[in-house]
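Below is a short report on how two chains meet, on a pocket and on one helix. The model comes first.

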Amino acid sequence: MTTAYVEPAFGGNGEHPAAPSPEGAGEPNYSLTPKVTAQGVPEGDLLEVSMGPQHPSTHGVFRMDVALDGERVVKLKPVFGYLHRNHEKIGENTTYLGSMPYTDRLDYFCSLTNNWAYALAVEKLAGLQVPERAEYIRVITAELTRLQNHTCLGGFLLQDMGASGTPLMYAFRERETILDLFESLTGARMMCNYMRFGGCRCDLPPGWLEEARDAVERFPRFLDEFERLLNENEILMARTQGIGVLPRSLAINASVTGPMVRASGVNYDIRKVDKYGIYDRFDFRVPLGEHGDVYDRYMVRILEMRESVNILQQALRDIPAGPIVDPKVKLRGFRPKAGEAYGRLEAPKGELGFYLISDGSPNPYRYRVRPPSLINLTILEDMCLGHIVADVVVILGSVDIVMGEVDR
Amino acid sequence: MLESLEQIKSRLESAIPGVGAEIIANSAPSAQVSLLVDNRHALAVAKFLRDDRALRLDYASNVTAVDWLDSVTKETVKTKKLIDGVEREIEQTTEKTRAGFLEVVYHLYSMELKHGPVILRLRTVNRSDQTHVPSLTPVWRGAEFQEREAYDLYGIVFDGHPDLRRILMWDGYADFPMRKDYVEPDDYEYEPTPHDEVVEKAARHYGTEAKE
């Protein structure tokens, strides 16, 4: 970024020009020609700002080292590790089942999809089958998770733009009904620890399906309200359209996944590509963006929620009776044969994958989490260059990160 | 449909002369076999996999590392031999030692053709002083942070990486915590109600003289 350089009002040493120099003689101690480096960047005029780690807009303990030319971003380097607890090492030192509750703490908004991704990888590693009813429960819980993640993201994004309170509180009100459903099903609102290898932990409590149907039936009304409030809001449009554009080719090359890559117009949804679980039975569409800017990322998520409601209605209608876990699967003393497997699914934030290597012992030899939030941040600098520092906050908000998953 | 790894390997060998490729078996039911490539040709192989019309593996989904320690495998072979005119069965045990190494694993998919995964592996010479592999970040930008993580936690040096720094641990940290032989630092703190583990830690912390 080399924009036209305005002549400085003050000298390079920061003194007021009118002040007499110590050498006296009344000579002004500043030069009128600014010093410029070989790259054409004005020397000594870049302001380095350390945004975070304790900053309300960074969604956790995340830091960005930003170099600013005026208000324009010239350089941005994300700094990680404030929440690092070496999740993967802990996974290697505990049993396969022992890691299940710990996956809740990765992306703590979406514990049920984390559970499912881990169960999926283990099922691939050990060749386990999942009963039909459990597959339906998994789809229902995963889509509910997607709904509450995307509503929250909508609220947080608007909060980052300065729309303090209202959208976020509306979103949290809706999230509450979904968390109530999780609580009555799993016993916990956020740390659900619900999936097991070859099924789920417990069956649906009586009356749960009716409650879920009610919540899903009500949800489109909230979406209508949310969209009426925001979609054509002048401030939202001014702050998001044409901001943080991510070109299609860069998005693919940088392994960006989830709503981020679909907002750039890439039709890649793992629910459609891999058809894991029973996603081939549902009729739903994949919303795509055109411009790849922040507005498209917001809109793709809104449209995805409508499709999730669609999937939920079908799943809640078709769910069969039957067992919820394969009785042949040993939970304690579970030792898969030596080998490796990579399992992945479409988490609300992107592709969540687990890579496991077994050496035949009760602990995995290698336990790796492929975190979508961290990898989606690879192109944060590319999206922010040339924008003003206030837009950095909005662009970061549209990436949708959770530090529990970024730092692990 | 994605062609089999054998087909990819044979096409690779004809496209890049002198490439050392080997298929690593996987006995798990997932049957995800992988392709081990020599370091000298790794970048050319990556470019081939990305740009080939039938493969178009444009998306490096997962990049990670594995630490393999020195290992000893015992093989017993039963042979029949004539000893003093009587045929007897003799067991012969041979020990194979495999020197440890660090391994980088790439899970590649295609966003354009929607297939995958093709699993690519690179290996370092050993675990101590020759821990270099070529970086594939110039081919797939998505490997940038993940290779940094492998450098940070395993100590694998990626030649040609644009910005190889520690990512999760802090600068100046000496060890590589994900290695199998990593020893945790002595972070003993006094506890008023020590239990077994803490007592052990305390003994290690103060040394044997201060024990009484």
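In this predicted model, 47 residues of chain A are in contact (heavy atoms within 4.5 Å) with 47 residues of chain B. The size of an interface is often given as the accessible area lost when the parts come together. Here the buried area (accessible area, 1.4 Å probe, that two parts lose on being put together, summed over both) is about 3800 Å², with 52% of it on carbon and sulfur atoms. The interface holds 5 salt bridges (a side-chain nitrogen of Lys or Arg within 4 Å of a carboxyl oxygen of Asp or Glu). One salt bridge joins the side chains of B:Lys180 and A:Glu92 at 3.1 Å, N to O.

The largest pocket (on a 1 Å grid over the protein atoms alone, an open set of points where a 1.4 Å probe fits, with protein on both sides within 12 Å along at least five of seven lines; lining residues have an atom within 4 Å of a point) is summarised here.

| Largest pocket | Value |
|---|---|
| Volume (space filled by probe spheres set on the points, joined across faces, edges and corners) | about 590 Å³ |
| Lining | 27 residues |
| Nonpolar residues of the lining | 13 residues |
| Polar residues of the lining | 4 residues |
| Charged residues of the lining | 10 residues |

Nearest the pocket's centre lie A:Gly81, A:His84, B:Leu168, B:Met169 and B:Trp170. β3(A) gives the most to the lining, 3 residues.

In helix α14 of chain A (a DSSP run of H or I, at least four residues), residues 389-399, 9 of 11 residues are buried (under 20% relative accessible area, 1.4 Å probe, protein chains only). Just after α14(A), A:Asp400 has a positive phi of about 65°.

Residues are numbered from 1 along each chain as its sequence is written, and chains are lettered from A in the order in which they are written. Local features need pLDDT of at least 70 and side-chain atom pairs count only at pLDDT 80 or more, while totals for chains, interfaces and linings use all residues, and side-chain values use heavy atoms, with hydrogens and water left out.

Key:
Helices (H or I, at least four residues) and strands (E, at least two) are DSSP runs, numbered from the N terminus. Ala, Val, Leu, Ile, Met, Phe, Trp, Tyr, Cys and Pro count as nonpolar, Asp, Glu, Lys and Arg as charged, and the others, Gly among them, as polar. Buried means under 20% relative accessible area, exposed over 50%, partly exposed in between (1.4 Å probe, protein chains only).
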